[in-house]
Amino acid sequence: MLRASQYSKGRLGALARVSRAAVGALPRSASVRQYSYQARPDTSEKETIVKLLYNIGSKKEVEQYLRHFSSVESQKFAVIKVGGAVISDDLATLASALTFLNRVGLYPIVVHGAGPQLNKRLEAAKIEARYEDGIRITDGPTLAIAREVFASENRKLVEALERLGTRARPITGGVFVADYLNREKYDRVGKIVHVNREVVESSIRAGCLPILTSLAETPDGQILNVNADIAAGELARVLEPLKIVYLNEKNGLYHGTTGKRIETIHLDEEYEDLLKEPWVRYGTKLKLKEIKELLDTLPRSSSVAIISAEHLHKELFTHSGAGTMIMRGHRLFSEQDLAAVDSDRLRALLMDYDPSIASGETTAASYWQKLAALKKEGGQYWIYGDEPYQVAAVVMRKPGQSIACLDKFVASKAAVLGNITDNAWKLITRDHPQMVWSVPRTDDNLSWHYERADGSWGVGDNIVFWYGVEDWKQISDMVAGKFSVKETSTSTSASAPAGVRAYSTMARRNAVRSAIPSSRRSYSTASPGSPLRVGLIGARGFTGRELIKLVDGHPRFELSHVSSRELAGKPVPNYTKAQLNHVNLSASEVGELAKAGRQAVDVWILALPNNVAAPFVTAIDGAVASLPMKQQPVVVDLSADYRFDTSGEWVYGLPELHRRELTTRNTGRIANPGCYATGSQLGIAPLLPYLDPARLPSVFGVSGYSGAGTKPSPKNDPAFLQDNLIPYAPVNHIHEREIGHSLTRIAQASYPFNARNPLKVQFSPHVAPFFQGIALTLHVPLRLSMSAANVHELFKDFYRGERLVHVTESAPLVRDNAGQHYAAVGGFAVPPHSEGGASASLADRRAVLNVTLDNLLKGAATQAIQNMNIALGIDEYTGIPTPDAPTMSLE
């Protein structure tokens, strides 16, 4: 069998030869270029270039990456750092590679060094090259020569590009602003403090590739020398590109012991172990640390590639790559029990990407039964996946068999583009050095299997693949069906990868660490099945009534106290577990009860108006201060009083966005979010990395009149509301502040809005004539253009496995959501001219979407139960009806 890796290597050499001829032979478009817009490559020329790319990878791979790279603004495609040796020794190949990218509509930003050239000139001038801590000491004479050398090398690269018909702009200054790094120690060496991105972006708008030197200036105009690697990293921190490419003549990093090229490094999984390797020293260790520090500040979609100019195309446009790719990735897990994984998120992934389950041929429940039956018969299975459940695989071994069978391998588009599938495959093959699987001949992704297999054999309508099997007798048994491989197939969907990087730095591990937080609170003392006592303060309101119904239907909760000043002495309605009357508990009486800790009440719910909860919280805190944490009751506050807490004592209780805090902080104090704030955050959170920092999201909200409470007012008077819509609190609504405050807390430092630049939103609430439910229309300004399909897919991936958030294509309706426990997000739309990439107008770069939820349920009571379950060590969805999908009336 011809190994795919050998085949790809041959094709790559052919492409390198063809590309150099092609970029010189193809004519440039004769159309007039306008300075204010990016120049577009000639369509027929682009098609020809793309067809040439098919020589290094499948058509599907190439087009997938082109769409991926074209989905962001041009300056966010790639920052490419070019070493001086590449310019001096491989200028033609470098210019050809950059031209190739430009001809398909991409605009890489080049930052180059000139170290070897500078050393040569210094030697000729009889000036000693001096270094301190690996940094070149740059005195006056050295800097004068450096300026000449950088300008000369910059000019060489620009002229080489222009000769190939590629417009390029030499930029030898004006981008990097710096202070002295240490003037006494290094003299004129700079530390970059600011990047003027406009200089780079104006070049791209004019249709020119920006070619930068790494020289910087102080605010008063003094030229300073800066290492090109550092300059490229600082530029990347500002632009947040998908790729940061370091070009070198070695074509990657090499393992110091085996001598093999390292194909991928997933930092989250491998970094600590990699630094312990004896060969990782000096420059290699410094480079890895710098790359990790850089990627830690960038979105997870960003990655670093170390590659030669000749192999740049294969690195960028194929899954298998050609150099060394470094990314943050995600930690992987391996479990041998379905109960140890999040079966809901696994089910969601299979429903989206596994053909047999997605088509309805079988169900996830049937597959779980299959796994259970295998284990009962004495067999084994292994479930593999990553933290966000973007990739999953199932490996089986039946009783008496020595070779494992790969039964499923599914991956989302994000997992494929992020090469997470590579890491998963390495983990699987480390645990199972021998493996077999079968695939129909009609499978669209046969190349995926050929890339990974050591051999294959056609059997009827199927192809049997094997890995690590060398004994011909075993191979014969597999082909003859003695390993039952006809019953299994890998589920490589349309998003399955078509290549693999064969070598990793990871040492084999028997145990795989998982960072997925458990939904079980470590200090829960309740024995399984024992009732958990709930004290409810504030039962008169609409939310209090819903909480009583939910506790009544909960298999673990029971009401111990239901307090209401107005209803004291009256029976508690809608509660069937016991005969219970309302009481009127003061804050001091609650404190007395709390002294017994969880012997009296396991959780207190404060369903009170704003600015009323504090005396009760103070009383509980004082009563339990001397108790061990595991004996202290949980407190869930439904008012806004503690949603802005900065003391660290309260956790914000929106599980879909703050689940990690809820499961790890163990404070026992939970601030339940507001209803409008819940829906608005669910609608904005997936778009946080893409927000336009110069414009604010806008939320138009309409609520049923139950949201106005039980105290009589025009806002809850059905007669006044008939044929009416009442706006109120047009600015500074407390939910307006809550939305921005809470989303800022989950925003990464690299996001447009973060702790240093807090997010604010514009919120306009209204009351409508219906009783319960909320409808939100959100206008979210974006810093790049997206299609409606892009936004829809983004939300599906973000909320995959969340049983109380349903993502729908059509706009959700209040009447379908009222009385339901989930929030629905859908109706994704973008302006008709937003497909124009960076050239789209500012107004067109936005997404519009709709969110509905029941203000009394997911907006209040249901969310409180969700938080109580997590805090008390119960499955998060216990006692909450969770339908598989909402019924939508609007197509």
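**Close-ups of a predicted model**

**View 1. Tyr799 counts as buried, with a relative accessibility of just 3%.** This is a predicted model, like every view below. The ring partner here is Phe798, and the two make an edge-to-face pair with centres 4.8 Å apart and planes at 75°. Phe798 has a relative accessibility of 37%, so this residue counts as partly exposed. Since buried means under 20% relative accessible area and partly exposed runs from there up to 50%, the two rings of this pair fall into separate classes.

**View 2. Phe795 and Phe828 make a tilted aromatic pair.** Their ring centres are 5.0 Å apart and the planes meet at 45°. What does this pair tie together? Phe795 belongs to helix 28 (residues 788-798) and Phe828 to strand 33 (residues 823-829), so the pair links parts that are 33 residues apart in sequence. Both Phe795 and Phe828 are buried. Over the whole structure, the search turns up 13 aromatic pairs.

**View 3. Seven strands build an open sheet with mixed pairing.** Reading across the sheet, the order is 15-16-17-18-19-21-20. Strand 15 (332-335) and strand 20 (455-459) sit at the edges; each has a single partner strand, so one side of each has no neighbour in the sheet. From one strand to the next, the twist averages 25°. Helix 16 (residues 364-376) lies across strand 16 (380-386), strand 17 (391-397) and strand 18 (404-411), and runs at about 35° to strand 17.

**View 4. Strands 19 and 21 run antiparallel, and aromatic residues gather into a cluster.** Six bridges join strand 19 (residues 435-440) to strand 21 (residues 462-467). Which residue of strand 21 is the bridge partner of Trp437? That would be Phe465. Trp437 and Phe465 also turn up in one aromatic cluster, along with Phe409, Trp425 and Tyr467.

**View 5. Another open sheet, this one of eight strands, also has mixed pairing.** The strand order is 5-8-2-1-11-13-14-12. Strand 5 (168-171) and strand 12 (264-266) are the edge strands here, each with a single partner, so one side of each goes without a neighbour in the sheet. Direction ignored, neighbouring strands are turned by 20° against each other on average.

**View 6. Strand 2 pairs with strand 8, and helix 9 packs on the sheet.** Strand 2 (residues 109-112) and strand 8 (residues 209-213) pair in the parallel sense over three bridges. To find your way along the pairing, look for Val111, whose bridge partner in strand 8 is Leu212. Helix 9 (residues 197-205) touches strand 2, strand 5 and strand 8, and its direction makes about 150° with that of strand 8.

**View 7. Helix 11 lies across strand 12 and strand 14.** Helix 11 spans residues 267-275, and strand 14 covers 324-327. The helix runs at about 95° to strand 12.

**View 8. Two lysines sit over tyrosine rings.** Lys287 lies over the face of Tyr246, 4.4 Å from the ring centre. The charged end of Lys292 sits over the ring of Tyr271, at 5.3 Å from its centre.

**View 9. Asn611 and Ala729 are loop residues with positive phi.** Phi of Asn611 is near 70°, a positive value in a residue other than glycine. Asn611 is in the loop between strand 24 (603-606) and helix 23 (614-624). Is Asn611 buried or exposed? With a relative accessible area of 71%, Asn611 is exposed. Ala729 has a phi of about 40°, again positive although the residue is not a glycine. The loop of Ala729 runs between strand 29 (726-727) and helix 27 (734-746). Ala729 has a relative accessible area of 30%, so this residue is partly exposed.

**View 10. Asn716 is a buried loop residue.** Its loop lies between strand 28 (698-703) and helix 26 (718-721). The relative accessibility of Asn716 is 12%, which falls under the 20% limit for buried. Val767 is 51 residues away in sequence, yet the two C-alpha atoms are 8.2 Å apart in space.

**View 11. The whole chain, for orientation, holds 30 helices and 34 strands.** Of its 891 residues, 57% count as buried. The accessible surface is about 36300 Å², with 51% of that belonging to carbon and sulfur atoms. Among contacts with a separation of 6 or more, 74% come from residues 24 or more positions apart.

Methods. Residues are numbered from 1 along each chain as its sequence is written. This is a predicted model: local features need pLDDT of at least 70, side-chain atom pairs count only at pLDDT 80 or more; totals for chains, interfaces and linings use all residues. Side-chain values use heavy atoms; hydrogens and water are left out. Two strands pair if DSSP finds at least two bridges between them. Helices (H or I, at least four residues) and strands (E, at least two) are DSSP runs, numbered from the N terminus. Axes are lines fitted to C-alpha atoms, for helices over the stretch in contact, and angles run from 0 to 180 degrees between N-to-C directions. Contact means heavy atoms within 4.5 Å. Rings of Phe, Tyr and Trp (its six-membered ring) pair if their centres lie within 6.5 Å; planes under 30 degrees apart count as stacked, over 60 as edge-to-face and the rest as tilted. Buried means under 20% relative accessible area, exposed over 50%, partly exposed in between (1.4 Å probe, protein chains only). A charge sits over a ring if NZ of Lys or CZ of Arg is within 6 Å of the ring centre and within 35 degrees of the ring normal. Accessible areas come from the Shrake-Rupley method with a 1.4 Å probe; for residues, only the protein chains shown count as cover.
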